[in-house]
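Grab the viewer and work through a few exercises. Each has a task and then a solution in steps.

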Amino acid sequence: MALLTKPELRSASLRRRDALSVDERQEKSLAIATHGAEALSRFAAGKCVAAYHPIRSEVDVALLAHMLEDAGARLALPAVIDRETIVFRAHTAAGKLVPGGFGTMAPGEEAEIVDPDILLMPLSVFDRQGNRIGYGAGHYDRAIERLVAKGRKPLLIAVAFDLQEAPAVPAEAHDMPLDGVITETGLAWFGDRPEGL
Ligand SMILES: Nc1nc2c(c(=O)[nH]1)N(C=O)[C@@H](CNc1ccc(C(=O)N[C@@H](CCC(=O)O)C(=O)O)cc1)CN2
Ligand SMILES: Nc1ncnc2c1ncn2[C@@H]1O[C@H](COP(=O)(O)OP(=O)(O)OP(=O)(O)O)[C@@H](O)[C@H]1O
C-alpha cells in the first residue's frame, strides 16, 4: 500500500480525535496525567516543563502539568509571536493567560521567555519511530531547532491519544524526532530510555 501523505495522515487522525466524546477525552486525559506524573515527577523536579493550552480536541494536559509543578517543576506555555515563530513563556500561578495565537492561550508579554528542559508536545499524528506531525505550521520544529542551536537538548515528549498513532509517518529533514509519547496506556520511549529516567 502506498504511504499516506502528511496531510492525509493529519486529517484522518484529527477526525478520529474529534470523534471522542468530552467524557472520553477527559477520562483518557486523566490516565495520561497519571502515567506521565508517575514516569516524570522525579526527573522534572527543578526543571522547566513546557505544556500547552489545549485547543480543538487535544489531550487536556493541564492536570499533568500541575502534577509536575507540585513535584517541583516550573511551567511554561508556548506563545505565537509571528506566523512562523513560537516562544515559551513562564507560566506561574499568579500569571494571567491572554490569547496566544491560533486559538491558544498563553502568558502575556510581561512573562519571562524561558528555554524549557522538557517539552510536552501536542500533535496530530505520531508513529512508533518517534516521528510526529503537528498542524503544519512548523512552529515546534523551528522552536526546537532554536533551542538545539543554543546548546540545549530538551526532552521531547508527545502527549496524545492512542488513536493518533499511525504505522509510519513520513519524516522530513527538519523534523525533530520525539524521545517518547504519553498516551492513556502509558509512557513509551522510542529509543533508549533517556539518561536520568
Ligand atoms: N494547544 C496548542 N498550542 C500550541 C500549538 C498546538 O499545536 N496546540 N502549536 C503548535 O505548533 C503552536 C501554535 N500553532 C498552531 C498552528 C496551527 C494551528 C491550527 O489549528 N491550524 C489550522 C489551520 C490554520 C488556521 O486555522 O488558520 C488547522 O490545522 O486547521 C494551531 C496552532 C503553539 N501552541
Ligand atoms: N526548522 C525549520 N526551519 C525552517 N522551516 C521549517 C523548519 N521546520 C519546519 N519548517 C517548515 O514549516 C512547514 C511545516 O512543517 P511540518 O509539516 O513539519 O509542520 P508540523 O510538524 O505539522 O508542525 P509543528 O512543528 O508546528 O507541530 C514546512 O513548510 C517546513 O518546511
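**Exercise 1. Two ligand shells**

Task: sort the residues of the shell around ligand 1 by class, then do the same for the shell around ligand 2.

Solution. Start with ligand 1: its shell divides into eleven nonpolar residues, six polar ones and one charged residue. Keep in mind that this is a predicted model. There are 18 residues around ligand 1, and P78, F102, P122, Y135 and H139 come nearest. Next, ask which elements they sit on: β2 (74-82) and α4 each supply at least two residues of this shell.

Now move to ligand 2. Here the shell has four nonpolar, five polar and six charged residues. Ligand 2 is surrounded by 15 residues, with G134, G138, H139, Y140 and D141 the closest. Helix α4 (residues 139-149) is the top contributor to this shell, giving five residues. H139 turns up among the nearest residues of ligand 1 and among the closest ones of ligand 2.

**Exercise 2. Walk across the sheet**

Task: work out the strand order of the seven-stranded sheet and find its edges.

Solution. Step one is the order: the seven strands run β3-β2-β1-β6-β9-β10-β11, in an open sheet with mixed pairing. Step two, the edges: β3 (85-91) and β11 (186-189) each pair on one side only. Step three, the twist, which averages 25° from one strand to the next.

It helps to recall that strands of a sheet pair through backbone hydrogen bonds, either parallel or antiparallel. For a parallel case, look at β6 (residues 118-121) and β9 (residues 155-159), joined by four bridges. Within that pair, L119 stands opposite L156 in β9. Then see what lies on the sheet: α4 packs there and touches β2, β3, β6 and β9, its direction making about 70° with that of β3.

For an antiparallel case, go to strand β10 (residues 180-183) and β11, which also have four bridges. G180 stands opposite W189 in β11. Two residues separate β10 from β11 in this hairpin.

**Exercise 3. A hairpin with a positive phi**

Task: find which residue in the turn between β4 and β5 has a positive phi.

Solution. First locate the strands: β4 (residues 97-101) and β5 (residues 104-107) pair in the antiparallel sense over four bridges. Next, match up partners. L97 stands opposite P107 in β5, while G101 has T104 as its bridge partner. That leaves the turn: two residues lie between the strands of this hairpin, and F102 there has a positive phi of about 55°. You've met F102 already, as one of the residues that come nearest to ligand 1.

**Exercise 4. A helix pair**

Task: are α2 and α3 roughly parallel or roughly antiparallel to each other?

Solution. Take the geometry to begin with: helix α2 (residues 22-44) packs against helix α3 (residues 62-70) at an angle of about 25°, and their axes are 8 Å apart. Angles under 35 degrees count as roughly parallel, so α2 and α3 are roughly parallel to each other. As for handedness, the crossing of α2 past α3 is right-handed.

Finish with the contact itself. On the α2 side you'll find S29, L30, I32, A33, G36, A37, L40, S41 and A44, meeting L63, L64, M67 and L68 of α3. Sorted by class, that contact holds ten nonpolar residues, three polar ones and no charged residues.

Notes:
Residues are numbered from 1 along each chain as its sequence is written. Chains are lettered from A and ligands numbered from 1 in the order in which they are written. This is a predicted model: local features need pLDDT of at least 70, side-chain atom pairs count only at pLDDT 80 or more; totals for chains, interfaces and linings use all residues. Axes are lines fitted to C-alpha atoms, for helices over the stretch in contact, and angles run from 0 to 180 degrees between N-to-C directions. Angles under 35 degrees count as roughly parallel, over 145 as roughly antiparallel, 65 to 115 as roughly perpendicular and the rest as oblique. A crossing is left-handed if the near helix is turned anticlockwise from the far one by less than a right angle, and right-handed if clockwise. Two residues are in contact if their C-beta atoms, placed from the backbone, lie within 7 Å. Ala, Val, Leu, Ile, Met, Phe, Trp, Tyr, Cys and Pro count as nonpolar, Asp, Glu, Lys and Arg as charged, and the others, Gly among them, as polar. Two strands pair if DSSP finds at least two bridges between them. A residue is near a molecule or strand if its C-beta atom, placed from the backbone, lies within 6 Å of it.
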